[in-house]
Every structure is written in C-alpha cells, then in structure tokens.
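Welcome to the tour. Please open the structure in your viewer and keep the selection panel at hand.

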Amino acid sequence: MGYYDLSKEERQQLVLKMGGEITQNLEDGKVTKILHYSSDDDIYIRKNVSNILGRIYGDQGIFKEEILQVTGHLLENEDENVRQTAVYLCGEIGKKDADAVFPYLETALHDSHHKVRNSVMSALKVMGEKNPEPTLKFAEIFIHDKDPEVRRKVVHGIELRGRTHPEDVLPLLATLQDEENSQVRKMLIHVLGQISYKEGCLEKVTAALKTWKNRELVEDILPYIIEVHKKYPFSAKTPEEVELYLKENFKDYNL
C-alpha cells in the first residue's frame, strides 16, 4: 500500500513514526531505519525521509554533521532510490547551507541512473527559491558542463527562481544562446517561457531577449512565450496582449 493509499490520519501517524525512528538512528549513530525508508519504492515515503532529516537539520542543529555524513552515505549506496533520497535531502539542507551539499550535487549530476540525475533539478529548484545566491553560483559553473544533459538539468533547476526573479537567471540563460545541443536548446526555450507569465516578468524577459544576438533562437522563443500565456489563464497578461507587446518590441522579427 502506497503513501497516498493511506488516510490523512494514517499518513500523519506514519510520518510521526518515521520521524521517531529516524531521530533514534541519529542518536544511536545508525542508518538502519533511514536506509529502510530511503529504499522504499514509493517516492513519497522517500521524500518524507528527506523532509524529516532536513527539518531536523534546520530546526535543531544538533545533528548537522551526522546528517551530512548520512547524506554522503546514502549517495554511495547501490540502490538508485537511496541515492535519489540523498539528493532530495541535499535540496532540504541547501535551503540554509548550500555550500555543504554542492559536492554531493556535483556527484549526483553525473550519477549512472537518470532518476538520481533528474532529482538534482528538484534540489536546485528548492534551494534556488530559499537560498538563491549560492545556488545560482553553483548553476553558473555547471551550466557550461561538457555533458549536455548536465547543462539541461541546471537550466531546468533555476526555473523556479526565474519565475519570481527573472533578472537573477536571465544573465545565466544568455550565456547559452549559442547552444548547439537540441535538448538543451529546447529546455532553454521552455524556461524562458515559464519565467515570463507573472506580473512584471514579461517585460524583464523581453528586455533581455532584445540584447541577444542569436536571432534564430529568439524567433523560436517568442511564439512559445505566447503559448505559455495561452496555457496559463492566470497569467498577468492575456495571450492577445502578449502577442501585441512582443510584436511592438520585435518589429522586424517573424512573429
């Protein structure tokens, strides 16, 4: 039975049980229960492990070193579920102490399993929202990694920060405007669209794109921005307003 097959009360009881057993592991210097829950097939169980350990790390502070050691231990496990849990935990720790988890995230970016690599995006999103400055410095390094999949993961990972503060991520995205890999390019277009729909964001994205030298890429981005506004009825502007605004700002572009 999965986590969400349980009633709300049963889920609450399970989380309390997990919290008690995980805390006891930390006190005893063991990882038996942590490993047990971290290897569960249910991703929501695994995420509860990272949430519980992240909360202990942030709230109490007495087990910081132990939790960092547990993170490294989990990341070395043969089970990809356990390694994924470690990356989720990195995201929770990184909300406060980003520098402490960057070596683990760098390792995870090159993990052999896609599940672990993909979870880096989630960790960066969580960290970028709460602790943007060091997270964006990390992204600045790996956004130019020789592995295109790493570049794609990092671009996706800074999307959440970009939705509220486009000005923070636009300079990083601009450094990839001559990207040749189709998947990275596709993600770049996606993120630019996603960071354009909230109040005041379209104007910032437009101002940045007007400085880009890759005209072909910009012409691919503009229709996608309109599509995003069509998809999200809660956007700050209607699709018609967006199309008019873009046509006014990119008069000599094909739109």
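A residue counts as buried when its relative accessible area is under 20%. By that cut-off, 50% of the 255 residues of the chain are buried. Please bear in mind that this is a predicted model.

**Stop one: the whole chain.** Select everything and show it as a cartoon. You will find 15 helices and zero strands. Switch to the C-alpha trace, and those atoms fill a box of roughly 70 × 40 × 30 Å along the principal axes. Now turn on the surface: the accessible area comes to about 12,700 Å², and carbon and sulfur atoms own 47% of that area. Among contacts in the chain with a separation of 6 or more, 67% join residues 24 or more positions apart.

**Stop two: Arg 117.** Next, select residues 114-130, which form helix 7, and find Arg 117 there. Is Arg 117 buried or exposed? Its relative accessible area is 16%, so Arg 117 counts as buried. Now display what surrounds the residue. Leaving aside residues up to four places away in sequence, Arg 117 touches Ala 108, Leu 109, Asp 111 and Ser 112, as well as Glu 149 and Lys 153.

**Stop three: a pair of helices.** Move on to residues 215-231, helix 14, and residues 239-249, helix 15. Two packed helices are described by the angle between their axes and the distance between the axes. Here the axes of helix 14 and helix 15 come within 8 Å and cross at roughly 160°. Angles over 145 degrees count as roughly antiparallel, so helix 14 is roughly antiparallel to helix 15. Rotate the view to look at how they pass: the crossing of helix 14 with helix 15 is right-handed.

Which residues meet at this contact? Show side chains for Leu 222, Ile 225, Ile 226, His 229 and Lys 230 on the helix 14 side, then for Pro 239, Val 242, Glu 243 and Leu 246 on the helix 15 side. Colour this set by residue type, and you should see six nonpolar, one polar and two charged residues.

**Last stop: Glu 241.** Stay in helix 15 and select Glu 241. With 43% relative accessibility, Glu 241 counts as partly exposed. To finish, draw a distance from the C-alpha of Glu 241 to that of His 229: your viewer should give 9.6 Å, for two residues that are twelve apart in sequence. You have already met His 229, as one of the helix 14 residues in the contact with helix 15.

Note on methods. Residues are numbered from 1 along each chain as its sequence is written. This is a predicted model: local features need pLDDT of at least 70, side-chain atom pairs count only at pLDDT 80 or more; totals for chains, interfaces and linings use all residues. Side-chain values use heavy atoms; hydrogens and water are left out. Axes are lines fitted to C-alpha atoms, for helices over the stretch in contact, and angles run from 0 to 180 degrees between N-to-C directions. Helices (H or I, at least four residues) and strands (E, at least two) are DSSP runs, numbered from the N terminus. Angles under 35 degrees count as roughly parallel, over 145 as roughly antiparallel, 65 to 115 as roughly perpendicular and the rest as oblique. A crossing is left-handed if the near helix is turned anticlockwise from the far one by less than a right angle, and right-handed if clockwise. Contact means heavy atoms within 4.5 Å. Ala, Val, Leu, Ile, Met, Phe, Trp, Tyr, Cys and Pro count as nonpolar, Asp, Glu, Lys and Arg as charged, and the others, Gly among them, as polar. Buried means under 20% relative accessible area, exposed over 50%, partly exposed in between (1.4 Å probe, protein chains only). Accessible areas come from the Shrake-Rupley method with a 1.4 Å probe; for residues, only the protein chains shown count as cover.
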